[in-house]
Amino acid sequence: MKPSDHPDPFKQARTEQGVSEIDDQDDPVQMVLRLKDVRKCAHNWKTYSSEATPGRIVVPSEVNIRDTRQIPFEVDPPKHGAFRELLDPWFKRPLQDEYRDKLREQISALINEVNQRDSIEAIYGFSLLLQSHALTVLMNTPESEAETFISWGTHVFRSEDDPLDAGKAQQLYDYIDQKIDEAEASPSDDLFSTLLAAEVDGARLTREQIKGIIILTFAGGRDTVINMVTNTLAYLADHPESLQRLRDEPEIRTRAIEELIRYFSPLTHMGRVATEDAQVCEHAVKADSRISLCWASANRDETVFENPNEVVLDRKLNPHVAFGFATHNCLGATHARTIMQVLIDELCQQVDHIDFLSADENIEQWGEFARKVGYHKLNLAFHSV
Ligand code: EMZ
(Lines give C-alpha, C1' and ligand atoms only; values in the text may rest on other atoms or scores of the structure.)
Protein backbone atom coordinates (compact mmCIF):
# COMPACT_ATOMS: atom_id res chain seq x y z
CA MET A 1 0.00 0.00 0.00
CA LYS A 2 1.21 3.46 -0.89
CA PRO A 3 0.13 6.49 1.14
CA SER A 4 -1.93 7.88 -1.75
CA ASP A 5 -3.85 4.63 -2.35
CA HIS A 6 -7.62 4.51 -1.87
CA PRO A 7 -8.63 0.90 -1.19
CA ASP A 8 -12.10 -0.38 -2.11
CA PRO A 9 -14.06 -1.33 1.03
CA PHE A 10 -17.12 -2.52 -0.91
CA LYS A 11 -15.64 -5.43 -2.87
CA GLN A 12 -16.95 -8.33 -0.83
CA ALA A 13 -20.46 -6.95 -0.31
CA ARG A 14 -20.67 -5.90 -3.96
CA THR A 15 -19.66 -9.28 -5.34
CA GLU A 16 -21.57 -11.38 -2.79
CA GLN A 17 -24.83 -9.46 -2.18
CA GLY A 18 -24.86 -6.39 -4.41
CA VAL A 19 -26.54 -4.34 -1.67
CA SER A 20 -25.88 -3.55 1.96
CA GLU A 21 -28.07 -1.86 4.53
CA ILE A 22 -26.69 0.90 6.76
CA ASP A 23 -28.36 2.99 9.44
CA ASP A 24 -28.51 6.75 9.08
CA GLN A 25 -30.12 8.60 11.99
CA ASP A 26 -32.71 5.82 12.37
CA ASP A 27 -33.69 6.10 8.71
CA PRO A 28 -31.96 3.08 7.12
CA VAL A 29 -30.41 3.16 3.67
CA GLN A 30 -30.01 0.20 1.31
CA MET A 31 -26.74 0.89 -0.52
CA VAL A 32 -26.71 -0.31 -4.14
CA LEU A 33 -23.18 -1.43 -5.00
CA ARG A 34 -22.94 -2.78 -8.57
CA LEU A 35 -22.53 -0.50 -11.56
CA LYS A 36 -25.36 -2.07 -13.55
CA ASP A 37 -27.85 -1.72 -10.68
CA VAL A 38 -26.70 1.80 -9.82
CA ARG A 39 -27.34 2.87 -13.41
CA LYS A 40 -30.69 1.10 -13.54
CA CYS A 41 -31.93 2.73 -10.33
CA ALA A 42 -30.55 6.15 -11.29
CA HIS A 43 -32.42 5.91 -14.56
CA ASN A 44 -35.67 4.91 -12.88
CA TRP A 45 -36.62 8.24 -11.26
CA LYS A 46 -40.28 7.24 -11.05
CA THR A 47 -39.57 4.45 -8.58
CA TYR A 48 -36.47 6.03 -7.00
CA SER A 49 -37.37 9.65 -6.47
CA SER A 50 -35.17 12.65 -5.63
CA GLU A 51 -38.20 14.74 -4.70
CA ALA A 52 -38.60 13.58 -1.10
CA THR A 53 -38.54 15.79 2.01
CA PRO A 54 -35.67 18.26 1.40
CA GLY A 55 -32.41 16.76 2.66
CA ARG A 56 -33.61 13.16 2.88
CA ILE A 57 -31.88 11.91 -0.26
CA VAL A 58 -28.53 13.06 1.09
CA VAL A 59 -26.64 10.52 3.19
CA PRO A 60 -26.17 11.55 5.96
CA SER A 61 -29.67 12.99 5.83
CA GLU A 62 -29.92 16.77 6.13
CA VAL A 63 -33.62 16.93 7.07
CA ASN A 64 -32.73 18.38 10.47
CA ILE A 65 -30.60 21.24 9.18
CA ARG A 66 -32.32 22.27 5.97
CA ASP A 67 -35.89 23.08 4.82
CA THR A 68 -35.03 24.53 1.46
CA ARG A 69 -35.30 22.17 -1.48
CA GLN A 70 -32.10 22.13 -3.53
CA ILE A 71 -32.79 22.68 -7.22
CA PRO A 72 -32.60 20.88 -9.62
CA PHE A 73 -31.07 18.15 -7.46
CA GLU A 74 -34.20 17.46 -5.34
CA VAL A 75 -36.77 17.87 -8.11
CA ASP A 76 -37.94 15.08 -10.43
CA PRO A 77 -38.98 15.30 -14.10
CA PRO A 78 -40.80 16.96 -15.73
CA LYS A 79 -40.14 20.04 -13.53
CA HIS A 80 -36.51 19.01 -13.29
CA GLY A 81 -36.08 19.41 -17.06
CA ALA A 82 -37.36 22.99 -17.03
CA PHE A 83 -34.86 23.94 -14.33
CA ARG A 84 -32.02 22.19 -16.15
CA GLU A 85 -32.88 24.08 -19.30
CA LEU A 86 -32.57 27.33 -17.40
CA LEU A 87 -29.36 26.40 -15.59
CA ASP A 88 -27.40 24.37 -18.16
CA PRO A 89 -26.16 27.39 -20.18
CA TRP A 90 -24.84 29.05 -17.02
CA PHE A 91 -23.09 25.87 -15.85
CA LYS A 92 -21.62 25.25 -19.33
CA ARG A 93 -19.77 28.61 -19.27
CA PRO A 94 -16.54 26.77 -18.28
CA LEU A 95 -16.31 25.77 -21.96
CA GLN A 96 -15.66 29.41 -22.90
CA ASP A 97 -12.05 30.58 -23.33
CA GLU A 98 -12.54 33.59 -21.11
CA TYR A 99 -13.72 31.41 -18.20
CA ARG A 100 -10.83 28.99 -18.63
CA ASP A 101 -8.36 31.90 -18.79
CA LYS A 102 -9.65 33.24 -15.47
CA LEU A 103 -9.22 29.82 -13.85
CA ARG A 104 -5.76 29.52 -15.36
CA GLU A 105 -4.72 32.85 -13.91
CA GLN A 106 -5.93 31.85 -10.44
CA ILE A 107 -4.46 28.34 -10.44
CA SER A 108 -1.17 29.39 -11.99
CA ALA A 109 -0.71 32.07 -9.30
CA LEU A 110 -1.52 29.58 -6.56
CA ILE A 111 1.01 27.02 -7.84
CA ASN A 112 3.62 29.72 -8.22
CA GLU A 113 3.06 30.66 -4.60
CA VAL A 114 3.28 27.13 -3.17
CA ASN A 115 6.38 26.49 -5.28
CA GLN A 116 8.18 29.17 -3.23
CA ARG A 117 7.30 27.66 0.15
CA ASP A 118 9.31 24.99 1.96
CA SER A 119 6.13 22.99 2.57
CA ILE A 120 2.37 23.45 2.68
CA GLU A 121 -0.67 21.83 4.22
CA ALA A 122 -2.46 21.13 0.96
CA ILE A 123 -6.11 21.35 2.04
CA TYR A 124 -6.08 24.77 3.70
CA GLY A 125 -3.02 25.98 1.78
CA PHE A 126 -4.15 24.91 -1.69
CA SER A 127 -7.40 23.03 -2.40
CA LEU A 128 -9.73 25.20 -0.30
CA LEU A 129 -8.22 28.33 -1.84
CA LEU A 130 -8.47 26.92 -5.34
CA GLN A 131 -12.11 25.81 -4.91
CA SER A 132 -13.15 29.13 -3.33
CA HIS A 133 -11.55 31.31 -6.00
CA ALA A 134 -12.89 29.11 -8.80
CA LEU A 135 -16.36 29.41 -7.26
CA THR A 136 -16.27 33.17 -7.80
CA VAL A 137 -15.81 32.45 -11.52
CA LEU A 138 -18.72 30.02 -11.51
CA MET A 139 -20.95 32.54 -9.69
CA ASN A 140 -19.54 35.48 -11.66
CA THR A 141 -19.03 37.41 -8.44
CA PRO A 142 -15.99 39.57 -7.52
CA GLU A 143 -12.96 37.45 -6.70
CA SER A 144 -12.76 39.13 -3.29
CA GLU A 145 -15.79 37.03 -2.22
CA ALA A 146 -13.41 34.07 -2.08
CA GLU A 147 -12.23 35.29 1.34
CA THR A 148 -15.71 34.71 2.75
CA PHE A 149 -15.96 31.27 1.15
CA ILE A 150 -12.56 30.32 2.55
CA SER A 151 -13.66 31.32 6.06
CA TRP A 152 -16.44 28.68 5.91
CA GLY A 153 -13.95 25.80 5.77
CA THR A 154 -14.11 22.70 3.63
CA HIS A 155 -17.81 21.81 3.95
CA VAL A 156 -20.76 24.18 4.23
CA PHE A 157 -22.80 21.85 6.47
CA ARG A 158 -20.05 19.96 8.31
CA SER A 159 -17.52 21.13 10.85
CA GLU A 160 -14.64 19.24 12.38
CA ASP A 161 -16.62 17.78 15.27
CA ASP A 162 -20.15 17.93 13.85
CA PRO A 163 -21.19 16.15 10.63
CA LEU A 164 -24.45 18.15 10.57
CA ASP A 165 -23.73 21.62 11.91
CA ALA A 166 -26.92 23.74 11.98
CA GLY A 167 -25.05 26.90 13.02
CA LYS A 168 -22.74 26.60 10.09
CA ALA A 169 -25.62 26.00 7.68
CA GLN A 170 -27.29 29.17 9.00
CA GLN A 171 -24.20 31.17 8.09
CA LEU A 172 -24.61 30.08 4.47
CA TYR A 173 -28.36 30.80 4.44
CA ASP A 174 -27.78 34.31 5.87
CA TYR A 175 -25.09 35.01 3.29
CA ILE A 176 -27.40 33.96 0.46
CA ASP A 177 -30.29 36.06 1.81
CA GLN A 178 -28.06 39.09 2.01
CA LYS A 179 -26.74 38.59 -1.52
CA ILE A 180 -30.26 38.22 -2.93
CA ASP A 181 -31.22 41.49 -1.19
CA GLU A 182 -28.19 43.21 -2.69
CA ALA A 183 -28.95 41.86 -6.16
CA GLU A 184 -32.56 43.10 -5.87
CA ALA A 185 -31.34 46.56 -4.94
CA SER A 186 -28.63 46.75 -7.58
CA PRO A 187 -28.60 44.04 -10.24
CA SER A 188 -25.31 42.88 -11.78
CA ASP A 189 -24.42 39.97 -14.03
CA ASP A 190 -23.74 37.49 -11.24
CA LEU A 191 -25.73 34.30 -10.60
CA PHE A 192 -27.97 35.97 -7.98
CA SER A 193 -29.11 38.71 -10.39
CA THR A 194 -29.38 36.31 -13.29
CA LEU A 195 -31.74 34.08 -11.29
CA LEU A 196 -33.79 37.06 -10.09
CA ALA A 197 -34.43 37.98 -13.72
CA ALA A 198 -35.03 34.40 -14.92
CA GLU A 199 -38.27 32.60 -15.68
CA VAL A 200 -39.21 28.93 -15.63
CA ASP A 201 -42.39 27.86 -17.42
CA GLY A 202 -43.32 31.51 -17.93
CA ALA A 203 -43.04 32.50 -14.26
CA ARG A 204 -40.36 34.25 -12.23
CA LEU A 205 -38.52 32.09 -9.71
CA THR A 206 -39.56 32.42 -6.09
CA ARG A 207 -37.00 33.51 -3.53
CA GLU A 208 -37.10 30.00 -2.07
CA GLN A 209 -36.29 28.51 -5.48
CA ILE A 210 -33.39 30.90 -5.99
CA LYS A 211 -32.06 29.93 -2.57
CA GLY A 212 -32.40 26.26 -3.47
CA ILE A 213 -30.30 26.71 -6.60
CA ILE A 214 -27.62 28.74 -4.82
CA ILE A 215 -27.37 26.37 -1.84
CA LEU A 216 -26.72 23.52 -4.25
CA THR A 217 -24.08 25.60 -6.05
CA PHE A 218 -22.27 26.14 -2.76
CA ALA A 219 -22.76 22.73 -1.16
CA GLY A 220 -22.60 20.31 -4.08
CA GLY A 221 -19.15 21.16 -5.37
CA ARG A 222 -17.45 22.02 -2.12
CA ASP A 223 -15.88 19.04 -0.33
CA THR A 224 -16.04 17.03 -3.55
CA VAL A 225 -13.81 19.42 -5.52
CA ILE A 226 -11.55 19.96 -2.51
CA ASN A 227 -11.06 16.20 -2.09
CA MET A 228 -10.53 15.70 -5.81
CA VAL A 229 -7.78 18.33 -5.93
CA THR A 230 -6.12 17.17 -2.70
CA ASN A 231 -6.22 13.50 -3.72
CA THR A 232 -4.73 14.37 -7.10
CA LEU A 233 -1.83 16.20 -5.45
CA ALA A 234 -1.24 13.26 -3.09
CA TYR A 235 -1.29 10.83 -6.02
CA LEU A 236 1.17 12.88 -8.10
CA ALA A 237 3.46 13.33 -5.08
CA ASP A 238 3.44 9.60 -4.58
CA HIS A 239 3.83 8.87 -8.31
CA PRO A 240 6.42 11.25 -9.78
CA GLU A 241 6.55 9.04 -12.88
CA SER A 242 2.88 9.85 -13.54
CA LEU A 243 3.51 13.59 -13.38
CA GLN A 244 6.37 13.09 -15.81
CA ARG A 245 4.18 11.02 -18.11
CA LEU A 246 1.43 13.65 -18.10
CA ARG A 247 4.07 16.22 -18.98
CA ASP A 248 5.47 14.12 -21.82
CA GLU A 249 2.14 12.90 -23.20
CA PRO A 250 -0.36 15.77 -23.08
CA GLU A 251 -2.70 13.74 -25.28
CA ILE A 252 -3.53 11.39 -22.38
CA ARG A 253 -4.50 14.17 -19.94
CA THR A 254 -8.22 14.07 -20.68
CA ARG A 255 -8.32 10.31 -20.07
CA ALA A 256 -6.12 10.62 -17.01
CA ILE A 257 -8.51 13.14 -15.47
CA GLU A 258 -11.50 10.84 -15.98
CA GLU A 259 -9.49 8.01 -14.48
CA LEU A 260 -8.56 10.01 -11.39
CA ILE A 261 -12.18 11.05 -11.00
CA ARG A 262 -13.25 7.40 -11.25
CA TYR A 263 -10.60 6.23 -8.80
CA PHE A 264 -11.25 8.92 -6.18
CA SER A 265 -15.04 9.14 -6.65
CA PRO A 266 -15.25 12.20 -4.40
CA LEU A 267 -18.96 11.70 -3.69
CA THR A 268 -19.41 8.24 -2.15
CA HIS A 269 -23.12 7.94 -2.79
CA MET A 270 -26.43 9.76 -3.19
CA GLY A 271 -29.79 8.60 -1.97
CA ARG A 272 -33.24 8.17 -3.45
CA VAL A 273 -36.60 7.46 -1.82
CA ALA A 274 -38.71 4.60 -3.18
CA THR A 275 -42.18 5.70 -4.31
CA GLU A 276 -43.48 2.09 -4.35
CA ASP A 277 -42.44 -1.39 -3.21
CA ALA A 278 -39.52 -2.47 -5.37
CA GLN A 279 -36.56 -4.84 -5.54
CA VAL A 280 -32.81 -4.44 -6.04
CA CYS A 281 -30.65 -7.55 -6.37
CA GLU A 282 -33.49 -9.69 -4.99
CA HIS A 283 -33.68 -7.51 -1.88
CA ALA A 284 -37.01 -5.91 -1.12
CA VAL A 285 -37.13 -2.13 -1.07
CA LYS A 286 -40.26 -0.91 0.73
CA ALA A 287 -42.19 2.15 -0.41
CA ASP A 288 -40.94 5.32 1.35
CA SER A 289 -37.63 3.71 2.33
CA ARG A 290 -34.26 4.95 1.14
CA ILE A 291 -31.67 3.48 -1.18
CA SER A 292 -28.31 4.97 -2.09
CA LEU A 293 -26.58 4.81 -5.42
CA CYS A 294 -23.02 4.06 -4.43
CA TRP A 295 -20.93 5.71 -7.14
CA ALA A 296 -17.72 4.82 -5.30
CA SER A 297 -18.47 1.09 -5.30
CA ALA A 298 -19.85 1.08 -8.86
CA ASN A 299 -16.63 2.71 -10.05
CA ARG A 300 -14.60 -0.28 -8.78
CA ASP A 301 -16.94 -2.90 -10.24
CA GLU A 302 -14.62 -5.66 -11.46
CA THR A 303 -17.16 -6.88 -14.00
CA VAL A 304 -16.79 -3.56 -15.85
CA PHE A 305 -13.35 -2.13 -15.07
CA GLU A 306 -10.16 -4.11 -15.62
CA ASN A 307 -7.77 -3.67 -12.67
CA PRO A 308 -10.36 -1.49 -10.93
CA ASN A 309 -8.10 -0.65 -8.00
CA GLU A 310 -5.29 0.73 -10.12
CA VAL A 311 -4.99 4.18 -11.61
CA VAL A 312 -4.53 3.43 -15.30
CA LEU A 313 -3.78 6.91 -16.60
CA ASP A 314 -4.72 6.19 -20.20
CA ARG A 315 -7.67 3.89 -19.45
CA LYS A 316 -9.64 3.60 -22.68
CA LEU A 317 -13.07 2.32 -21.62
CA ASN A 318 -14.15 4.28 -18.60
CA PRO A 319 -17.92 4.43 -18.12
CA HIS A 320 -17.61 5.72 -14.55
CA VAL A 321 -20.49 7.26 -12.64
CA ALA A 322 -18.56 9.63 -10.37
CA PHE A 323 -20.76 12.50 -11.58
CA GLY A 324 -23.91 10.45 -11.16
CA PHE A 325 -25.91 9.05 -14.03
CA ALA A 326 -29.03 9.83 -16.07
CA THR A 327 -31.47 12.61 -15.11
CA HIS A 328 -29.54 13.95 -12.16
CA ASN A 329 -26.02 13.85 -13.60
CA CYS A 330 -23.89 16.54 -12.01
CA LEU A 331 -24.72 20.12 -13.03
CA GLY A 332 -21.25 21.27 -11.97
CA ALA A 333 -19.33 18.59 -13.87
CA THR A 334 -18.09 20.95 -16.59
CA HIS A 335 -16.74 23.34 -13.96
CA ALA A 336 -15.08 20.47 -12.07
CA ARG A 337 -13.52 18.97 -15.21
CA THR A 338 -12.24 22.36 -16.31
CA ILE A 339 -10.62 22.91 -12.92
CA MET A 340 -8.90 19.53 -13.28
CA GLN A 341 -7.71 20.27 -16.83
CA VAL A 342 -6.22 23.60 -15.84
CA LEU A 343 -4.72 22.13 -12.68
CA ILE A 344 -2.99 19.27 -14.53
CA ASP A 345 -1.73 21.61 -17.29
CA GLU A 346 -0.31 24.06 -14.78
CA LEU A 347 1.26 21.37 -12.58
CA CYS A 348 2.95 19.87 -15.65
CA GLN A 349 4.26 23.26 -16.62
CA GLN A 350 5.39 24.58 -13.26
CA VAL A 351 6.13 21.65 -10.98
CA ASP A 352 9.01 19.21 -11.34
CA HIS A 353 7.96 16.98 -8.48
CA ILE A 354 6.14 17.06 -5.15
CA ASP A 355 7.36 15.48 -1.92
CA PHE A 356 4.73 13.62 0.13
CA LEU A 357 5.68 14.59 3.69
CA SER A 358 2.86 13.33 5.90
CA ALA A 359 -0.89 12.81 5.91
CA ASP A 360 -3.87 12.28 8.17
CA GLU A 361 -6.50 10.33 6.25
CA ASN A 362 -10.20 11.22 6.21
CA ILE A 363 -12.10 7.95 6.55
CA GLU A 364 -15.89 7.91 6.20
CA GLN A 365 -17.69 5.18 8.09
CA TRP A 366 -20.81 3.79 6.42
CA GLY A 367 -22.07 0.83 8.45
CA GLU A 368 -19.44 -1.87 8.05
CA PHE A 369 -17.60 0.09 5.35
CA ALA A 370 -14.66 2.37 6.11
CA ARG A 371 -13.91 4.44 3.04
CA LYS A 372 -10.99 6.80 2.54
CA VAL A 373 -12.43 9.87 0.88
CA GLY A 374 -9.45 12.17 1.23
CA TYR A 375 -7.36 13.73 3.99
CA HIS A 376 -7.84 15.85 7.09
CA LYS A 377 -4.25 17.04 6.69
CA LEU A 378 -1.78 16.57 3.87
CA ASN A 379 1.71 18.04 4.06
CA LEU A 380 3.56 18.43 0.77
CA ALA A 381 6.61 20.19 -0.58
CA PHE A 382 6.44 21.52 -4.15
CA HIS A 383 9.56 21.77 -6.30
CA SER A 384 9.39 23.97 -9.35
CA VAL A 385 10.76 22.96 -12.75
C1 EMZ B 1 -26.02 18.38 -1.53
C2 EMZ B 1 -25.05 17.43 -2.14
C3 EMZ B 1 -25.10 17.47 -3.63
C4 EMZ B 1 -25.87 18.37 -0.02
C5 EMZ B 1 -24.14 16.41 -5.48
O6 EMZ B 1 -24.22 16.52 -4.13
O7 EMZ B 1 -23.73 17.71 -1.70
C8 EMZ B 1 -23.55 17.60 -0.31
O9 EMZ B 1 -22.21 17.89 0.00
C10 EMZ B 1 -24.43 18.59 0.40
O11 EMZ B 1 -24.27 18.46 1.80
O12 EMZ B 1 -26.69 19.34 0.56
O13 EMZ B 1 -25.78 19.67 -2.01
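This passage walks through a helix, a sheet, a ligand shell and two single residues of a predicted model.

A good place to begin is helix H4, which covers residues 97-116. At 1.5 Å a residue, its 20 residues should span 28 Å, and the 29 Å between its end C-alpha atoms agrees with that expectation. Four residues of H4 are buried, namely Leu103, Gln106, Ile107 and Val114. Viewed down the helix axis, these buried residues fall within an arc of 85 degrees, so they line one face of H4. The other side of the helix carries the exposed residues Asp97, Glu98, Asp101, Ala109 and Gln116. As for what covers the buried residues, the elements include strand E4 (120-121), helix H5 (122-139), helix H14 (333-350) and strand E12 (369-384).

Two of those covering elements, E4 and E12, lead on to the sheet. Three strands make up this open sheet, in the order E4-E12-E11, and their pairing is antiparallel. E4 and strand E11 (351-366) stand at the edges with a single partner strand each, so one side of each has no neighbour in the sheet. In general, strands of a sheet pair through backbone hydrogen bonds, in either a parallel or an antiparallel way. Here, E11 and E12 are joined in the antiparallel sense by 14 bridges. One pair can be picked out by name: aspartate 360 has lysine 377, in E12, as its bridge partner.

The ligand comes next. Around the ligand are Val58, Glu62, Gln70, Phe73, Phe157, Leu216, Ala219, Gly220, Asp223 and Leu267. By character, this shell divides into six nonpolar, two polar and two charged residues. Helix H9 (residues 207-220) gives the most to the shell, with three residues.

Two individual residues complete the tour. Glutamate 302 sits in the loop between helix H13 (295-298) and H14. This glutamate has 15 C-beta neighbours inside 10 Å and therefore counts as partly exposed. Although glutamate 302 and threonine 15 are 287 residues apart in sequence, their C-alpha atoms are 8.7 Å apart in space.

Arginine 39, for its part, belongs to helix H2 (residues 35-43). Arginine 39 also counts as partly exposed, because 17 C-beta neighbours lie inside 10 Å. Leaving aside neighbours within four places in sequence, arginine 39 is in contact with Val321 and Phe325. Alanine 256 is 217 residues away from arginine 39 along the chain, and 23 Å separates the C-alpha atoms of the two.

Technical notes:
Residues numbered from 1 in each chain as written. Predicted model: local features only at pLDDT ≥ 70, side-chain atom pairs only at ≥ 80, totals over all residues. Helix = DSSP H or I, 4+ residues; strand = E, 2+ residues; numbered from the N terminus. Expected span 1.5 Å × (residues − 1). Buried ≥ 20, exposed ≤ 12 C-beta atoms within 10 Å, placed from the backbone. Arc of directions from axis to C-beta. Contact = placed C-beta atoms within 7 Å. Near = placed C-beta within 6 Å. Nonpolar A, V, L, I, M, F, W, Y, C, P; charged D, E, K, R; others polar. Pairing = 2+ DSSP bridges.
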